[in-house]
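Biologist: I would like to learn how to read a structure like this one. Let us begin with a single side chain and work outwards.

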Amino acid sequence: GRDLRDPDATSLVQVEFFGWPTPDARLGGYDLLPSRVVVRDSYKLLEIDGRRELYNLAADPRELDDRARLNPDEVDRLGPLLPPLDRSAKKVRATSDVEDREMVEALRALGYVE
């Protein structure tokens, strides 16, 4: 695959997601909100539950400086390219602690969890 963070990529990248299956404090409350992203040229437009953020990946690869208010024309250009959210998708959740432990152990065996 191609590194989607590559600011030199000229093709269009579209992503939709519904957050992480478990809460993550690093995400500041955004962990389960519907989200969608479009990346074109060096710009990334992220929409989280209707709120839009814009990042210039060439100048800010760690996405620390939201430029949406300073670049409304870029937000308007990328906005129509955001993928539609599939609201019919089912949320994934664990049904028991036993399954959670089994899943963690399976992921550990595969090297995904330390």
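Biologist: Which side chain makes a polar contact with the side chain of Lys-44?

Modeller: This is a predicted model, so distances here belong to a prediction. In it, the Lys-44 side chain meets the side chain of Glu-63 in a polar contact at 2.9 Å.

Biologist: Is Lys-44 buried or exposed?

Modeller: Residues count as buried under 20% relative accessible area. Lys-44 has 16%, so Lys-44 is buried. Lys-44 belongs to strand E3.

Biologist: What is Lys-44 in contact with, beyond its neighbours within four places in sequence?

Modeller: Val-37, Val-38 and Val-39 are on the list. Glu-53, Leu-54, Tyr-55 and Leu-57 are there too, along with Glu-63.

Biologist: Now the interior. Which residues make up the largest nonpolar core?

Modeller: Such a core is a set of buried nonpolar residues joined through side-chain atoms. Here the largest has eight residues: Val-38, Tyr-43, Leu-45, Leu-54, Ala-68, Val-75, Leu-78 and Leu-82. Strand E3 (43-48) and helix H1 (72-78) are the elements that give two or more residues to this core.

Biologist: What does Tyr-43 touch, not counting residues up to four places away in sequence?

Modeller: Val-38, Leu-54 and Leu-78 are among its contacts. Tyr-43 also touches Tyr-55, Asn-56, Asn-71 and Glu-74.

Biologist: How many residues are in the second, separate core?

Modeller: Seven, including Val-39, Ile-48, Tyr-55 and Leu-57.

Biologist: And the surface? Which residues form a nonpolar patch there?

Modeller: Met-103, Leu-107 and Leu-110 do. Together they have about 300 Å² of accessible area. Leu-107 sits in helix H2 (residues 97-109).

Biologist: Why does Leu-107 count as partly exposed?

Modeller: Partly exposed lies between the buried limit of 20% and the exposed limit of 50%. Leu-107 is at 30% relative accessibility, so it falls in that class.

Biologist: Let us step back to the whole chain. What pattern does the chain follow along the sequence?

Modeller: The order is β-β-β-β-α-α. That gives four strands and two helices.

Biologist: How many of the contacts join residues at least 24 apart?

Modeller: Start from contacts between residues at least 6 apart in sequence: 41% of these join residues at least 24 apart.

Biologist: What share of the chain counts as buried?

Modeller: Of its 114 residues, 26% do. The chain exposes about 8,500 Å², and carbon and sulfur atoms supply 53% of that area.

Key:
Residues numbered from 1 in each chain as written. Predicted model: local features only at pLDDT ≥ 70, side-chain atom pairs only at ≥ 80, totals over all residues. Heavy atoms only, no water. Core = buried A, V, L, I, M, F, W, Y, C linked by side-chain atoms within 4.5 Å. Buried < 20%, exposed > 50% of the residue type's maximum accessible area, 1.4 Å probe, protein only. Contact = heavy atoms within 4.5 Å. Patch = residues over 30% accessible without salt bridge, like charges linked within 9 Å, V, L, I, M, F, W, Y side chains within 5 Å. Areas by Shrake-Rupley, 256 points an atom, 1.4 Å probe, with all protein chains shown as cover. Salt bridge = Lys/Arg side-chain N within 4 Å of Asp/Glu carboxyl O. Polar contact = N/O pair within 3.5 Å; in protein donor to acceptor, adjacent residues only side chain to side chain.
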